[in-house]
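Have the coordinates open in your viewer for this one. We'll hop from a helix residue to the packed interior and then along a strand.

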Amino acid sequence: MSGDSVPVCPRKVASASAAASTLSEPPRRTQESRTRTRAPGLPMEKSAASTEPQGPRPVLGRDSVQVPDDQDFRSFRSECEAEEGWNLTYSKAGVSVWVHAVEMDRTLHKIKCRMECRDVPAETLYDVLHDIEYRKKWDSNVIETFDIARLTVNADVGYYSWRCPKPLKNRDVITLRSWLPMGTDYIIMNYSVKHPKYPPRKDLVRAVSIQTGYLIQSTGPKSCVITYLAQVDPKGSLPKWVVNKSSQFLAPKAMKKMYKACVKYPEWKQKHQPHFKPWLHPEQSPLPSLALSELSVQHADSLENIDESAVTESREERLGGAGGEGSDDDTSLT
């Protein structure tokens with residue numbers, strides 16, 4: 001999702017507006033659920049589900065970096081499916097967008113987008129969200145994205161920067177991404193961390209992903225539903241037009257662009273290392289290993305806060321420009 005862009009980063013974006021950009025960012029993969037390795041396709045264990053709280057567990061409520069475990073994944077799924085407290089802001093053509101009611105008038109927002117994909121298998125959508133080389137083709141909002149290091153068989157650390165609606169400053173994030181196949185469903189989620197070799201840049205605003213990710217649910221052999229959930233601090237007092245544009249226009253457009261990319265992916269992949277899928281086959285990963293102790297949690301209050309609340313939308317953006325309907329270009333997806 002994206003260039004049409006508010007941060008849509010699962011490495012991912014922040015407020016309702018940042019959230020739209022977040023959509024374009026593939027949530028980074030998660031660890032192998034602590035020390036256990038689960039083969040792709042095996043369901044999550046449910047033995048403790050009945051005794052665990054169903055509410056979301058704060059990912060950044062800890063002081064040390066940890067790879068998400070089964071409870072974290074269950075909690076994320078629960079919030080993706082929750083209805084209480086969410087305000088529907090858009091619903092059209094199989095795409096719906098909600099903003100968390102409690103966060104509506106604050107700098108920090110939660111946004112949730114859901115899209116029906118009637119002719120895209122869940123496993124194809126999962127591959128598209130992981131394939132960083134393909135993302136560079138379809139995500140027009142991306143400035144730069146790359147994987148930094150591997151933490152476990154299903155967790156890594158990566159960098160993502162994206163364009164924001166002009167004249168806002170562009171953003172970037174460093175995130176710990178983890179992923180987990182659950183039968184025919186999948187979850188990819190991430191949160192912000194600090195890496196000693198990638199400090200904030202002067203030309204970008206370092207945003208903070210509190211928790212961003214995707215829940216992909218299979219609805220048939222060739223269909224699925226994807227839910228994108230983002231809680232991001234864009235590190236800036238964003239103007240209301242950004243939030244409104246994000247939930248009413250940018251997020252839906254980003255979802256539709258993602259859908260188009262999924263339809264074209266099988267043909268593209270056949271021409272670009274068709275058997276290379278390290279997210280399914282960890283032994284293929286070329287990334288260097290990194291110890292969790294090398295990372296620290298990225299807290300928003302340690303970063304500079306940029307006040308952009310008085311910034312007005314540029315004429316280019318109002319007329320369609322970089323984020324307009326006419327900016328989609330599918331010619332690169334071949």
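Start at Lys137, which you'll find in helix H4 (residues 132-138). This is a predicted model, so read everything below as computed from it. Is Lys137 buried or exposed? Neither, quite: its relative accessibility is 39%, so it counts as partly exposed, since that label covers the range between under 20% (buried) and over 50% (exposed). Now look across to Ala261: it is 124 residues away from Lys137 along the chain, yet their C-alpha atoms are separated by 8.9 Å.

Next, step back to helix H3 (residues 122-130), where Asp127 sits. Asp127 has a relative accessibility of 7%, so it counts as buried, the cut-off being under 20%. What does Asp127 touch, once residues up to four places away in sequence are set aside? The list is Tyr265, Lys277, Trp279 and Leu280.

On to the nonpolar interior. In soluble globular proteins, nonpolar side chains tend to be buried together. Here the largest nonpolar core has 40 residues, and Leu125, Leu129, Ile216, Ile226 and Met258 are the ones with the most contacts inside it. Helix H5 (residues 240-270) is the top contributor to this core, giving seven residues. Apart from this core there is another, made of 16 residues, including Leu151, Ala155, Leu176 and Val193. Back in the largest core, take Leu125 as a sample. Ignoring neighbours within four places in sequence, Leu125 is in contact with Cys117, Val120, Ile216, Cys224, Ile226, Met258 and Cys262.

Finally, follow strand S7 (residues 185-194), where nine of the 10 residues are buried. Which strands does S7 pair with? One partner is S6 (residues 171-182), antiparallel to S7 and joined to it by eight bridges. Met182 has Asp185 of S7 as its bridge partner. S6 and S7 make a hairpin with two residues between them, and Gly183 in the turn has a positive phi of about 70°.

S7 also runs antiparallel to S9 (residues 208-220), with five bridges joining them; Asn190 and Thr212 in S9 are bridge partners. Then there is S12 (residues 296-297), which pairs with S7 over two bridges, again in the antiparallel sense. To find that pairing on screen, look for Lys194, which stands opposite Ser296 in S12.

Note on methods: Residues are numbered from 1 along each chain as its sequence is written. This is a predicted model: local features need pLDDT of at least 70, side-chain atom pairs count only at pLDDT 80 or more; totals for chains, interfaces and linings use all residues. Side-chain values use heavy atoms; hydrogens and water are left out. Buried means under 20% relative accessible area, exposed over 50%, partly exposed in between (1.4 Å probe, protein chains only). Helices (H or I, at least four residues) and strands (E, at least two) are DSSP runs, numbered from the N terminus. Two strands pair if DSSP finds at least two bridges between them. A nonpolar core is a set of buried Ala, Val, Leu, Ile, Met, Phe, Trp, Tyr and Cys residues joined through side-chain atoms within 4.5 Å. Contact means heavy atoms within 4.5 Å.
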